[in-house]
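Morning, everyone. I have one structure to go through today, and I will take it piece by piece. Please have the sequence and the model open.

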Amino acid sequence: MANAVNEALIRDVIEDVLGRLGGSPTIATAAPTAKPAGDNGSCGCQAKGSGGRDFGVFKTADEACDAAAKAFQQLRGQGVEARRRIVEIVKSLCEDNAEEWGRIELEETKIGRLDHKIEKLQIIRNVPGVEWLRPDGLSGDHGITLEEYTPFGVVGAVTPSTHSIPTLAGNIVNIVAAGNAVVFNAHPAASRCAALAVRKFNEAIHRAIGIENIATIIEQPTLESFGEMCANENVRLLCVTGGPGVVDAAMKTGKRAICAGPGNPPVLVDATADIDRAARCVVQGAAYDNNLLCIGEKEVFVLDSVADAFMSALEKHAAVRLNASQLDALTQAAFVFPEGQGAGCGHAATNKDFIGKDVPVLAQAAGVRVPNGTQLLFAETDANHLFVDEEQMMPMLPVVRVRSVEEGVEAALKAEHNYRHTAIIHSHDVNHMTAMGRALDTTLFVKNGPSMAGLGLGGEGYLSFSIATPTGEGVTNPRTFTRVRRCVMVDNLRIY
Ligand code: NAD
């Protein structure tokens, strides 16, 4: 595994150096490629510090935005078929490189699980493309009207550390399918893998249709480069995926922002639920990528009458229960407390050293040995525990007993913090489902399945890694990144 990673990193460095020297842009494609349409025979080099070519990776936000603006105009000239080809290239590259890129992302971020990092790239195929842009037509006595979904131009995007390449790839599919170009300011802790993917996408797109820089990235992203990207006059729309800080910052820019913000998804298990299925689904969702998914199950409220059976079922499905002193030890390690205060303080923050870490790391902090293959830790807590209140993003699930569905819904509402992101219920009582759905009013509300079913993974639907919660667009798709334009023919063209 280590060799594969090193090879990839070494290849990257060599490509970078060759690019800066103005030499061959890639060592992976030794054979000469077909001359792209519009190639005037020059190297087509773009500004990258010393003038080398780096396929979409730029030193400054302004360079990245200006190059994307040119690519947008080129794309406009090539029509919908070119968008379709770009979407296919991005999806195929994600599939073909899932193992290598998954490993590289894990190596850089050191959070999450390799099997799920790989899977998150393989499923980019489920992100919708140009087929989503069917126009709407009206026909009547006064003629014919067509409403078309058209691009904005350049979209400025921010990606999280939790799924850097998957979010970036999914955003490119949605945004370019809609006819736009996109500039990325990635998370600094996951920016090298993001830049690697942008290079590979652009190399392949350039080879296929002669357009370079339809997706660009700022090589070393910072808060300043975020500000420059947002302020660039070419950027018409923002798409940010991350926690509360970046959502606030995007909304203050004065530009229209599609914000995929934080969540803290609660699960309610009532007495009518299929308890074994509920436990299996909860383990599947909460353990996925070490609980890094924003939609992942973060706390469970279970009816007292079935709580013991539910926790036994969690154990059957490879979760390990912590006792009270083990929970205390883990809480002390997994949260950072303001000076002089201990566990139980509501203002503690998650300890970044524990976010997305493997179960054995958490188990060691708890002082417990776990068998190989353990997917998740869980512990019984009260409703005010830090593991309930915080979006912990660790494979450790707090389970809270409640005396009634009403109490469970109320506790779930409090834990969700009005993010209106995701909630899950396991029940066969439609009234309970309706009560929880109405009270929490979340963007995703999954019944009797793991959280991922809300993104079409086991349930019906399509995928995106950017679920626009505070701004209300929901699971983003190509139409999210379009302007609706109306074309009207008065008193004519209608046949009857
Ligand atoms: P994060 O908020 O630390 O970073 C997200 C991105 O925002 C990064 O690129 C970061 O550099 C940038 N950023 C952070 N603060 C900023 C600021 N003040 N100004 C400008 N940019 C800023 O989040 P993370 O740890 O990378 O990701 C996890 C968070 O993202 C969780 O809260 C999770 O729920 C959320 N998330 C939401 C979705 C969704 O679809 N709704 C998807 C994935 C992750």
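One term is needed before we start: a residue is called buried when its relative accessible area is under 20%, and exposed when that area is over 50%, with partly exposed in between. Also keep in mind that this is a predicted model.

With that term, look at helix 10, residues 304-316. Which of its residues are buried? They are V306, A307, F310, M311, A313 and L314. These buried residues pack against strand 9, helix 9 (275-287), strand 10, strand 11 (319-321), strand 14 (376-380) and strand 15. As for length, helix 10 has 13 residues, and its first and last C-alpha atoms are 19 Å apart, close to the 18 Å expected at 1.5 Å a residue. Just after helix 10 comes A318, with a positive phi of about 75°.

Next is helix 14, residues 405-416. It has 12 residues, which at 1.5 Å a residue should span 16 Å, and the end C-alpha atoms are indeed 16 Å apart, so the two values agree. The buried residues here are V405, G408, V409, A411, A412, A415 and E416. Why do we say that they line one face of the helix? Looking down the axis of helix 14, the buried residues fall within an arc of 165°, and therefore they line one face. Turned away from that buried side is the face with the exposed residues E406, E410 and K414. The buried residues of helix 14 are covered by several elements, including strand 9 (266-269), strand 10 (299-303), helix 13 (386-389) and helix 15 (430-440). Strands 15 (396-402) and 16 (422-426) are also among the covering elements. After the end of helix 14, H417 has a positive phi of about 60°.

Now the salt bridges. How many does a search of the whole structure find? The count is 18. I will show three pairs and one network.

The first pair to look at is R199 and D54, whose side chains meet at 2.7 Å, N to O. This salt bridge links distant parts of the chain, with R199 in helix 6 (residues 191-209) and D54 in the loop between helix 1 (2-20) and strand 1 (57-58), 145 residues apart. Are these two buried or exposed? Both R199 and D54 are buried.

Another pair is E473 and R256, with a salt bridge of 3.6 Å, N to O. Here the two residues are 217 apart in the chain: E473 sits in the loop between strand 18 (467-468) and strand 19 (474-475), and R256 is in strand 8 (residues 256-260). E473 has 26% relative accessibility, so it counts as partly exposed. R256 also counts as partly exposed, because its relative accessibility is 40%.

The last pair is D441 and R420, also given as a salt bridge at 3.6 Å, N to O. D441 is in the loop between helix 15 and strand 17 (444-447), R420 is in the loop between helix 14 and strand 16, and 21 residues separate them. D441 is partly exposed at 47% relative accessible area, and R420 is partly exposed at 39%. As for the network, D304, D308, E380 and R401 are joined into one by salt bridges that share partners.

Two single residues next. A68 lies in helix 2 (residues 61-96), and it is buried, with a relative accessible area of 0%. In sequence, A68 and V183 are 115 residues apart, yet their C-alpha atoms are 6.7 Å apart in space. Leaving out residues up to four places away in sequence, A68 touches V154, A181, V182, V183, N213 and T216.

N185 is in strand 5 (residues 181-185) and counts as buried at 5% relative accessibility. A polar atom of the N185 side chain lies 3.4 Å from the backbone oxygen of T222. Among the residues that N185 touches are A157, T159, I218, P221 and T222.

Finally, the ligand. Which of the 28 residues around the ligand come nearest? They are T159, S161, G243, E391 and I467. A backbone N or O atom of T159 is 2.7 Å from an oxygen atom of the ligand. For E391, an N or O atom in the side chain is 2.5 Å from a ligand oxygen atom. A polar backbone atom of H187 lies 3.2 Å from an oxygen atom of the ligand. That is the end of my tour.

Definitions and conventions: Residues numbered from 1 in each chain as written. Predicted model: local features only at pLDDT ≥ 70, side-chain atom pairs only at ≥ 80, totals over all residues. Heavy atoms only, no water. Helix = DSSP H or I, 4+ residues; strand = E, 2+ residues; numbered from the N terminus. Expected span 1.5 Å × (residues − 1). Buried < 20%, exposed > 50% of the residue type's maximum accessible area, 1.4 Å probe, protein only. Arc of directions from axis to C-beta. Contact = heavy atoms within 4.5 Å. Salt bridge = Lys/Arg side-chain N within 4 Å of Asp/Glu carboxyl O. Polar contact = N/O pair within 3.5 Å; in protein donor to acceptor, adjacent residues only side chain to side chain. Near = heavy atom within 4 Å.
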